[in-house]
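The following exercises are to be worked through with the sequence and the structure at hand. Each task is followed by a solution in steps.

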Amino acid sequence: MPRFSVIVPAYRVQAYLQECLDSVLTQSFEDFELIAVDDRSPDACGTLIDEYTDRDHRVRALHLPENVGLGRARNAGIARATGDYLIFLDGDDTLTPGALRAVADRIDATGEPDVLVYDYARTYWTGESVRNTFAEHLRETGPATFALADRPGLLKVLMVAWNKAYRRAFVESEDLAFPPGYYEDTPWTYPALMAARSIAVLDRVCVGYRQRRRGNILATTSRRHFDVFDQYDRVFAFVDARPALAPWRPVLFRRMLDHLCTVFTARDRLPRGSRAEFFRRARAHRRRHRCPGARVPLRARVRHGLIRLGAHRTYRLLWAARAWRGRLRGRAAGAVRVLRAVALQCYYRVQLRLPVRADRAVFAAYWHRGYACNPAAIEAKARELLPGLRTAWVCRPEDAHTLPAATRAVAPGTRAYWRALARSKYLVNNVNFDRRLVKRRGQVLLQTHHGTPLKTMGLDLRDRPAAARDMEFGQLLANVDKWDFSLSANLHSTLVWERVYPSASARCATLEYGYPRNDVYQRATADDVARLRASLGVPGGAVAVLYAPTHRDYRRDAPPGLDLARVLRVLGPGFVILDRAHYAYASAPPRDPHPRVIDVTGHPSVEALALASDALITDYSSLMFDYANLDRPVVLHWADREAYEAARGTCYDLRACPPGSIAHSDDELLGILATPHWCGPRSARLRAAFRERFCPYDDGNAAERVVRRVFLGEGAVRPVPVPPAERRPAPAANAPARFPVGDPAEVAVPAVRQAPTGGLTGARPADRP
């Protein structure tokens, strides 16, 4: 008996059915049966289902002799189901990766509830994905299981069948079934939740709810929308047959009236000339199911009162007036925004006439994120060497907690923001400030950048539209002309920055001083490393491998990445993986959970993660240049080199001087990790040559050199850089110097290519000044 029966009805969804079925069949949790129901679809759905049945034994095809509608097609699937739990999925929707594993684990952890409710995200044809706005009701707090009366707010989550898992024995005992007609979810979900003795929630997006351009079937104009009345009759009949559910009548009564109002006011549902009839039936239903004492929210009293009076013309008039009021309010809000922007620019112009303050400095990083990267290291050192300096950091309000107590937070776009830009002598950023920034005489602007360049940057993107996208090259050069200093980590960076960001100003100077953000690698101690590992939950004695892939310009969504469970089977039980997705994909669905994979995507400091790890697996990320300072093993994974090179391009052939072994496929990577070479003497020699070339100044004193030159105006380079061979970086907690003891059966390509050919690298998203 399988754990899950996944029931997928299909009717006129041939364009989406393959993606739907694949999303189920590629789940890492495999104890399920997939019952695909062909509801006599006139397109190729039936043929596609048969093809999947021939290909995968877990797929069971069910061809109905006639079209019966979504509800009864689901019933046909239920009749064939043998799984412990029923899961419904519409033929144009998808399961997110790892969804079944997460559902199975939550069911086990909560003692097999009657119903498990999980979250969904609306996915649009544009590639945008928006999570359910009522996700707070799915927080896994309080008792593991509960009755609906304990958490009635759960009814605010979309009342559909496909965001829940149902214990099949519970469904059979309550004789639950889908009715015919539109709104078939209503007489299923309300009874299921009300009758369930135990409900649990899973705070995870498990379903991608596709928003098709022409909408779903409920967006079509038809008299079948009148089915909503019969559906609520069925719900109340279910309650009337169970006296214990009587307390739910007021809630159902109120929600019924709200639902009827929604159908009545929707623009394209009811046929022309049928609205008066619909309103009369709504009034009759109100009388039939009226529940004395039902509390009605103030904002709904007018709607419900008009239904009671049968005043459908008045209702439509008021609704039209409300719509017009909303449009006028939107226009007024837009006008207010324009006036506010004009007022702020006037305020900025006034501030530009006031003196520049020599004791003020303003910092920012990564498009107004929190305290990070080179600007953070410079800000800390500037406060240390210039005690009287007052610093401000431009960041979003939600990131203000990352700032030191001595640093003032400034929200972008506020008066304080424009005042800081106008009056501060020092301006430091690793991208760029607002394009409307006026560079004043006496101000000093330091561009720190945020990585050693491997991917194509700046003006080199002119012939790469996929990567450049909406970059305005004229504006880019206008921003560059405001720079006084451009920070560089090495000669390679200097040559690239001066070519792709050419300044027309003779005062712009390149500071080849090293990256301040890397100072911590030379200054951290073994105790610091131990503390960081403990805060991340890395087990004592484990070898921690940081997996940190970078952004892909040729993809809108997150790339699939490595199968980390397979990697761990090769590495052996003594390893854990710190999984760091790029911040551009922070909102992507989480991976399938694994006891030895620690998700560190949300951690604010990549430097801390590097210190806590013992080795790095990355692809085209500039993190490899920073990580080389730690003298710990690095392995590069270039499975999509051709696509990355075609979309982004690179400015350096990394094959000439790699920091470690390079794998061109998943299997080749596993072959590398199955041998000791990736962490052996040859790997150390590659790192040493790489560090000598790209890390000549990262000796722990880069921030001080920058502050002395930019803030103190010193001409001599102090402190003098320490040669790489003489540095003593923070020690690794558990160097992976032993031969892995993993499963050799997982290794498809045992041969290791120590000097791979082909493949170029890149880094993070475009550094767009």
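A residue is called buried when its relative accessible area is under 20%, exposed when that area is over 50%, and partly exposed in between. The structure under study is a predicted model.

**Exercise 1. Classify E112 as buried, partly exposed or exposed, and describe its backbone.**

Step 1. Locate the residue: E112 belongs to the loop that runs between α4 (99-109) and β6 (115-124).
Step 2. Apply the limits: the relative accessibility of E112 is 38%, so E112 counts as partly exposed.
Step 3. Examine the backbone: E112 is a residue other than glycine, and its phi has a positive value near 55°.
Step 4. Consider a further case: R12, which is not a glycine, has a positive phi of about 55°. R12 is placed in the loop between β1 (4-10) and α1 (14-25).

**Exercise 2. Determine how many disulfides the structure holds, and examine the surroundings of C45 and C395.**

Step 1. Recall the general chemistry: a disulfide is a covalent bond that links the sulfur atoms of two cysteines.
Step 2. Count: a search of the whole structure gives 0 disulfides. C45, accordingly, is in no disulfide, and the nearest cysteine sulfur, that of C20, lies 10.0 Å away.
Step 3. Use the cut-off: two cysteine sulfur atoms must be within 2.5 Å to count as a disulfide. For C395, the closest cysteine sulfur belongs to C373 at 15 Å, and this is too far for a bond.
Step 4. Add the accessibility: C45 has a relative accessible area of 0% and is therefore buried. C395, at 2% relative accessibility, also counts as buried.

**Exercise 3. Compare the settings of two loop alanines, A400 and A196.**

Step 1. Place them: A400 is in the loop between β11 (390-394) and β12 (408-410). A196 is in the loop between α6 (186-195) and β9 (199-211).
Step 2. Classify them: A400 has 30% relative accessibility and so counts as partly exposed. A196 has 4% and so counts as buried.
Step 3. List contacts, leaving aside neighbours within four places in sequence: A400 is in contact with C395 and A409. On the same condition, A196 touches D114, V115 and F170.
Step 4. Set sequence beside space: A400 and R369 are 31 residues apart in sequence, and their C-alpha atoms are 8.8 Å apart. A196 and V171 are 25 residues apart in sequence, with 9.4 Å from C-alpha to C-alpha.

**Exercise 4. Explain why helix α23 (residues 666-673) is described as largely enclosed by the rest of the structure.**

Step 1. Identify the buried residues of α23: they are E668, L669, L670, G671, I672 and L673.
Step 2. Draw the conclusion: because 6 of the 8 residues of α23 are buried, the helix is largely enclosed by the rest of the structure.
Step 3. Name the cover: the elements over the buried residues of α23 include α19 (564-571), β20 (615-618), β21 (634-637) and β22 (661-663).

**Exercise 5. Describe the positions of P736 and P719 and the surroundings of P736.**

Step 1. Locate both prolines: P736 is in the segment after α25 (702-710), and P719 lies in the segment after α25.
Step 2. Inspect the peptide bond that leads from R718 to P719: this bond is cis, with omega near -10°.
Step 3. Classify P736: its relative accessibility of 3% means that P736 counts as buried.
Step 4. List the contacts of P736, apart from neighbours within four places in sequence: V543, F575, D614, A615, P633, W678 and C679.
Step 5. State a separation: P736 and V438 are 298 residues apart along the chain, and 52 Å separates their C-alpha atoms.

**Exercise 6. Characterise the second largest cavity and its lining.**

Step 1. Count the cavities: the whole structure contains 2 of 30 Å³ or more.
Step 2. Give the volume: the second largest cavity holds about 40 Å³ of space.
Step 3. Name the lining: N432, F433, D434, R435, L437, L445, N479 and K482 line this cavity.
Step 4. Sort the lining by class: 3 residues are nonpolar, 2 are polar and 3 are charged.

**Exercise 7. Decide whether R269 is buried or exposed, and find a side chain that it contacts.**

Step 1. Locate the residue: R269 is in the loop between α8 (249-265) and α9 (275-289).
Step 2. Apply the limit of 20%: R269 has a relative accessible area of 19% and is therefore buried.
Step 3. Identify the partner: the side chains of R269 and Y183 are joined by a polar contact of 3.0 Å.

Key:
Residues are numbered from 1 along each chain as its sequence is written. This is a predicted model: local features need pLDDT of at least 70, side-chain atom pairs count only at pLDDT 80 or more; totals for chains, interfaces and linings use all residues. Side-chain values use heavy atoms; hydrogens and water are left out. On a 1 Å grid over the protein atoms alone, a cavity is a set of points where a 1.4 Å probe fits but cannot get out, and a pocket is an open set with protein on both sides within 12 Å along at least five of seven lines; lining residues have an atom within 4 Å of a point. Grid points are joined across faces, edges and corners, and a volume is the space filled by probe spheres set on the points. Ala, Val, Leu, Ile, Met, Phe, Trp, Tyr, Cys and Pro count as nonpolar, Asp, Glu, Lys and Arg as charged, and the others, Gly among them, as polar. Buried means under 20% relative accessible area, exposed over 50%, partly exposed in between (1.4 Å probe, protein chains only). Helices (H or I, at least four residues) and strands (E, at least two) are DSSP runs, numbered from the N terminus. A polar contact is a pair of N or O atoms within 3.5 Å; within protein, one must be able to donate a hydrogen and the other to accept it, and residues adjacent in sequence count only if both atoms are side-chain atoms. Contact means heavy atoms within 4.5 Å.
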